[in-house]
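Work through the exercises below with the sequence and the coordinates side by side, and try each task before reading its solution.

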Amino acid sequence: MRGFTYLVNRNKPRETATCDKFPRVCRAKGSAGPDCCKKQCVNVMTDNLNCGECGRRCRYGQTCCSGNCVDVMYDKRNCGACKNKCKKGSFCNFGMCSYA
């Protein structure tokens, strides 16, 4: 009987390790992110399709910075890129601090 069970288990397709069944998969080394959204590992702090929470999409021209959708072209706390602050008294225009 031992040989028969081995043959049956060997020919059975393996279950894929999706994060909805195994959430710890997302915390493994090399994972795309620690959060599970629609059976995919993502980082809700930086993912434009799941910004801050699963399914929350950033609008065109916006970027997900620390879980918030921001316009990096005009946001003085995220000017040109996330966490790129402009100096006090300056402004963000076209993704550059104090442009023109």
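The model is predicted, and every value in the solutions is computed from it.

**Exercise 1. Overall layout**

Task: Determine how many helices and strands the protein chain has, and in which pattern they follow one another.

Solution: Begin by counting the elements, which gives 1 helix and 6 strands for the protein chain. Reading along the sequence then yields the pattern α-β-β-β-β-β-β. Next, consider the contacts in the protein chain with a separation of 6 or more: residues 24 or more positions apart account for 0% of them. Finally, turn to burial and surface, where buried residues make up 25% of the 100 residues, while the chain exposes about 8100 Å², 52% of it supplied by carbon and sulfur atoms.

**Exercise 2. An asparagine in a loop**

Task: Locate N78 and decide whether this residue is buried or exposed.

Solution: The position comes first, and N78 is found in the loop between β4 (68-70) and β5 (92-93). The relative accessible area of N78 is 11%, and the cut-off for a buried residue is under 20%, so N78 counts as buried. As a last step, list its contacts, leaving aside residues up to four places away in sequence: N78 touches C65, V70, V72, K83 and N84.

**Exercise 3. Two residues with positive phi**

Task: Work out where K39 and F94 are found, and what sign their phi angles have.

Solution: Start from the general expectation that most residues other than glycine have a negative phi. K39, although not a glycine, has a positive phi of about 65°, and F94, also a residue other than glycine, has a positive phi near 60°. Then place both residues: K39 is found in the loop between β1 (35-37) and β2 (40-42), and F94 in the loop between β5 and β6 (96-97). To finish, compare accessibility with the cut-off of over 50% for an exposed residue; K39, at 54%, counts as exposed, whereas F94, at 45%, is partly exposed.

**Exercise 4. A nonpolar surface patch**

Task: Identify which residues form a nonpolar patch on the surface, and describe the setting of M96.

Solution: The patch is formed by M73, Y74, F94, M96 and Y99, which together have about 500 Å² of accessible area. Among them, M96 lies in strand β6, while F94 is found in the loop between β5 and β6. M96 has a relative accessibility of 40% and therefore counts as partly exposed, and F94, with a relative accessible area of 45%, is likewise partly exposed.

Definitions and conventions
Residues numbered from 1 in each chain as written. Predicted model: local features only at pLDDT ≥ 70, side-chain atom pairs only at ≥ 80, totals over all residues. Heavy atoms only, no water. Helix = DSSP H or I, 4+ residues; strand = E, 2+ residues; numbered from the N terminus. Buried < 20%, exposed > 50% of the residue type's maximum accessible area, 1.4 Å probe, protein only. Contact = heavy atoms within 4.5 Å. Areas by Shrake-Rupley, 256 points an atom, 1.4 Å probe, with all protein chains shown as cover. Patch = residues over 30% accessible without salt bridge, like charges linked within 9 Å, V, L, I, M, F, W, Y side chains within 5 Å. Salt bridge = Lys/Arg side-chain N within 4 Å of Asp/Glu carboxyl O.
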